[in-house]
Amino acid sequence: MMMRILQAEIYGFGKFTDTKFDFEHKLQFITGANEAGKSTLKAFISAILFGFVDRRQRFKRYEPKNGARYGGKLIIEQEKQLYTLERLEGEKGGQLVITSLNTGQQLPASLLQRWLNSLTSDLFEAVYAVDQTSLEQIRQLAPEELEKSFLTIAASGSQQIMMLQKKLQKKAEQIYKPNGRLPQLNRLLQTYEKQTQELRAANRDSHLFVEWEKTLEKEKEQQEAVKNQIKILEKELLRQRQLDNLWPTFVELERLRTKEKNQQPIGLTPQEFTALQELQLKVKTKQDSSNSLTAKSQALMQQGQQTINLEELQKYDAAKDQFDNLFHQLDVHSTEIQLALELQQTVNQQLSSPQAASRENEVLRRTRKKVQKPLFKQNRRQLALLGWALIAGSCLLLSFFSSKITIKLLAVGGLLAALFAVWQSMSKKSGQSESRSQNSLSTGSAQERDLMVQSVEAKRLQQLLEQLSFFTQASAFCTASLQLPVELLKRLARLQQFKTRIKDALRERSKRDRFLDYYRQEHERVTAELNALTEQLKQQLQKNGASSFAHLQAQYLQQQQNTEKNAKLQGLQTQLPAEVQNELRRYQSREEFKAHLSKKQDELQHQKERLSQLTVSITEKEVRLEQFGKSVRILRLKQELANKQAQILAEVDSWLALNAANQCLEKVLEIMSQHTLPHVMQLAQHYFRRLTRDQYEKIVMVERHLQLVDKNKTQYDVRELSRATAEQLYLALRLAFIVQINRTIKLPVLIDDCFVNFDEQRRNELLALLEEISAETQIICFTVDISFLYDKVDKENILRVD
């Protein structure tokens with residue numbers, strides 16, 4: 001997954017303090033005048049990713065002058081997750097804190113190295129940072145160096161290998177040149193030759209010395225031969241040890257090659273598996289939606305039971321028409337009812353005076369006498385009701401527990417007769433009660449009129465009560481269910497309260513029913529979509545011979561593992577060339593190989609012992625030659641020759657080390673060319689063709705030499721290109737290498753003022769190419785001149801640094 005920088009927040013870095021920059025687009029242009037801070041922002045991004053430079057490079061540090069905190073943070077997107085990379089001044093590049101913005105969890109700092117694939121700051125600058133300095137180096141190269149530079153860029157993404165080779169070559173030539181006179185080793189060899197001739201001239205004087213010297217020379221020749229043999233054996237032994245180290249790899253290669261024959265791919269492409277995954281996810285999403293709608297409906301029903309008075313709604317639904325008519329009458333006479341209630345309050349206040357209280361007591365006394373007369377009849381009726389209730393209970397018990405049908409039928413008949421008698425008695429009682437209440441009210445009202453004959457409010461109240469008296473009969477059907485009081489005004493107040501509650505309850509129930517109906521329709525729609533998706537998934541699974549998605553996923557994972565094994569097999573084959581494999585196949589087992597290795601070691605030990613014997617013999621002869629008492633001049637010449645020989649050997653070692661390093665780099669470049677170069681060259685050819693507007697159609701490699709073919713099929717050497725076209729070839733190779741390597745290491749690309757020497761048409765082509773590449777790789781361009789961008793990119797893609 002590509003790393004993308006979304007925001008840079010600088011606490012203190014160079015000229016910036018408490019500054020934020022948002023990189024909202026994959027292709028972001030950053031502009032500003034010279035010294036505006038573009039290079040500082042670029043250095044900040046590299047510092048947060050790879051750490052601050054140490055204090056030994058103080059000119060490359062950007063410590064703020066105003067005392068602000070040295071550091072800042074980047075907000076990045078990695079693997080579809082958001083993270084902050086915060087780095088403050090500290091040891092080893094600064095203190096790094098990685099925080100996940102999705103979970104708020106702090107993560108280990110080592111995670112950044114995994115994201116960067118252990119890239120260093122220098123390697124990032126060499127590969128992912130393209131700037132004017134690189135183009136200047138292209139201009140400064142000699143024609144014969146230009147081709148080598150392009151080859152190095154195509155293979156490694158930068159000129160570092162070529163520049164390092166040049167340094168090594170220069171140092172080697174300072175030590176020795178085949179036809180040179182000034183290098184150190186050349187001068188030492190000349191001096192050594194002169195001194196050798198002087199020594200030979202001095203030794204001609206002694207015949208005996210010459211004989212000893214001949215013997216000594218023969219032994220030295222034998223010594224050199226043994227040394228050469230030892231070198232050969234050591235080289236062979238080194239080769240054998242290398243093969244020994246490669247033996248596990250060879251065994252693994254053979255094992256994978258055997259398994260490769262038994263692999264049976266299911267033929268499911270990643271795109272097809274991704275489509276099935278998405279279909280499976282849709283099925284799960286629809287299932288979750290269905291469950292969610294069911295849960296919402298249940299929750300709404302439970303909530304309705306808690307907020308709606310179902311008992312009162314049941315009473316209302318049982319006599320809906322009568323209640324609606326009653327509520328309508330209440331609305332029609334709401335003014336009279338409100339006025340009656342207010343007058344009742346006024347009359348009650350008047351009656352609370354001492355004179356009114358005495359008159360009221362008198363009225364109550366007379367009324368009580370009239371009311372007490374029917375009490376006896378009322379008690380007798382209650383006893384009758386109790387008797388009928390006992391009869392009904394007995395009949396009910398007989399109907400349940402008797403086994404005879406006749407008795408059950410008689411019991412049911414008795415139960416019905418008892419219930420009818422109770423109902424009739426209750427109806428008479430209600431009618432008589434209401435009649436008595438009306439008579440009592442009328443009697444009381446007449447007496448109140450007599451008592452309050454002077455009160456206008458009392459008269460008006462009486463009139464209103466007479467107008468509203470029909471509500472007593474109109475509400476008779478719900479007297480028992482609502483436990484309505486006998487007094488008219490209290491009855492009306494109770495009815496109005498009930499009406500208010502019923503209206504609220506009906507409104508809540510209607511609202512709940514609308515939601516329930518919506519949830520039901522949504523559930524039906526989601527269920528239909530779920531069934532269709534499930535059937536589609538089932539057909540796809542059957543098509544691929546899988547009983548379930550888990551089964552298919554297991555098969556696909558097995559196929560991926562096989563693909564990984566094949567990739568590993570190819571990697572192992574790359575590590576083990578064919579000649580190495582053939583060499584290892586000569587041995588039946590590792591034990592046989594170890595025995596051969598042991599034999600070589602014994603042979604090497606034998607040659608070393610022989611060399612030791614020759615060395616002792618040569619030393620003895622040299623000592624004897626010295627005992628001849630030759631002149632001081634011979635001894636001095638020998639000592640000088642020995643010193644010169646030591647110096648020559650030291651210089652030769654240095655020269656050989658430099659050349660070996662150069663050859664090693666050449667080998668590395670060759671290996672990289674074999675793996676990376678074909679892909680990079682193919683992509684670079686496409687980029688270069690676009691940048692030159694089809695002027696050059698192909699980039700071909702002829703014996704490690706780059707050749708360009710134009711639209712007229714004419715071939716050109718890269719040394720024949722103009723400087724501007726060479727820059728375009730350089731950019732094509734760099735961008736191609738970045739796109740190729742970003743398939744494994746996806747990091748942002750930083751481009752600094754690379755449009756300067758391009759004409760308008762090729763500048764537009766480069767811009768279009770960058771927009772295409774930015775779809776997969778974030779590109780941040782730093783430039784001074786943005787005039788050519790105004791009609792080609794959105795203003796949001798341009799960030800100005802002041």
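# Reading the labels on a predicted model

Trainee: Where does Glu24 have its place in this structure?

Mentor: Glu24 sits in the loop between strand 2 (16–22) and strand 3 (27–31), and please keep in mind from the start that the model is predicted. Glu24 also belongs to a negative surface patch, which is formed together with Asp22, Asp794 and Glu796.

Trainee: What makes the patch of Asp22, Glu24, Asp794 and Glu796 a negative one?

Mentor: Asp and Glu count as negative, and the four members of the patch are Asp22, Glu24, Asp794 and Glu796. A patch takes residues with over 30% relative accessible area and no salt bridge, with like charges joined within 9 Å, so the name of the patch follows from the rule and from the charge of its members.

Trainee: Why is Asp18 called exposed?

Mentor: The label exposed asks for over 50% relative accessible area, and Asp18 has 65% relative accessibility, so it counts as exposed. Asp18 has its place in strand 2, and its phi is near 50°, a positive value in a residue other than glycine.

Trainee: How do you know that Gln483 counts as exposed?

Mentor: Gln483 reaches 63% relative accessibility, which is to be set against the cut-off of over 50%, and therefore the label is exposed. Gln483 lies in the loop between helix 18 (479–482) and helix 19 (488–543), and it has a positive phi of about 50° although it is not a glycine.

Trainee: What makes the meeting of Lys499 and Asp331 a salt bridge?

Mentor: The rule asks for a side-chain nitrogen of Lys or Arg within 4 Å of a carboxyl oxygen of Asp or Glu, and for the side chains of Lys499 and Asp331 the N to O distance is 2.5 Å, so the pair satisfies the rule. The pair links distant parts of the chain, with Lys499 in helix 19 and Asp331 in helix 11 (residues 320–332), 168 residues apart. By this rule the count for the protein comes to 21 salt bridges.

Trainee: Why is Lys499 called buried, and why is Asp331 called partly exposed?

Mentor: Buried means under 20% relative accessible area, and Lys499, with 15%, is therefore buried. Asp331 stands at 43% relative accessibility, and the label for values between under 20% and over 50% is partly exposed, so Asp331 takes that label.

Trainee: How do you know that Arg512 and Asp513 meet in a salt bridge?

Mentor: Their side chains come to 3.5 Å, N to O, and the limit is within 4 Å, so the pair is counted. Arg512 is at 14% relative accessibility and counts as buried, whereas Asp513, at 37%, counts as partly exposed.

Trainee: Why is it said that Arg690 and Glu772 tie together parts of the chain?

Mentor: Arg690 forms a salt bridge with Glu772, the closest N and O atoms being 2.4 Å apart. Arg690 lies in helix 23 (residues 632–691) and Glu772 in helix 25 (residues 760–773), so the pair ties together parts that are 82 residues apart in sequence. Glu772 itself has 41% relative accessibility and counts as partly exposed.

Trainee: Which residues are linked in a network of salt bridges?

Mentor: The network links Lys286, Glu522, Arg525 and Glu529.

Trainee: What makes Thr692 a buried residue?

Mentor: Its relative accessible area is 2%, and the cut-off is under 20%, so the label buried applies. Thr692 is found in the loop between helix 23 and strand 9 (696–701), and, leaving aside its neighbours within four places in sequence, it is in contact with Gln728 and Arg762.

Trainee: Why is Thr99 called partly exposed?

Mentor: Thr99 has a relative accessible area of 21%, and a residue must be under 20% to be buried and over 50% to be exposed, so the label in between is the one that applies. Thr99 has its place in strand 6 (residues 95–100), and its contacts, leaving aside neighbours within four places in sequence, include Leu82, Tyr83 and Thr84.

Trainee: How many of the residues of the protein count as buried?

Mentor: Of the 802 residues, 38% count as buried, and the protein has 25 helices and 14 strands.

Definitions and conventions:
Residues are numbered from 1 along each chain as its sequence is written. This is a predicted model: local features need pLDDT of at least 70, side-chain atom pairs count only at pLDDT 80 or more; totals for chains, interfaces and linings use all residues. Side-chain values use heavy atoms; hydrogens and water are left out. Patches are made of residues with over 30% relative accessible area and no salt bridge: like charges are joined within 9 Å, nonpolar side chains (Val, Leu, Ile, Met, Phe, Trp, Tyr) within 5 Å. Accessible areas come from the Shrake-Rupley method with a 1.4 Å probe; for residues, only the protein chains shown count as cover. The place of a charge is taken as NZ of Lys, CZ of Arg, CG of Asp or CD of Glu. Helices (H or I, at least four residues) and strands (E, at least two) are DSSP runs, numbered from the N terminus. Buried means under 20% relative accessible area, exposed over 50%, partly exposed in between (1.4 Å probe, protein chains only). Contact means heavy atoms within 4.5 Å.
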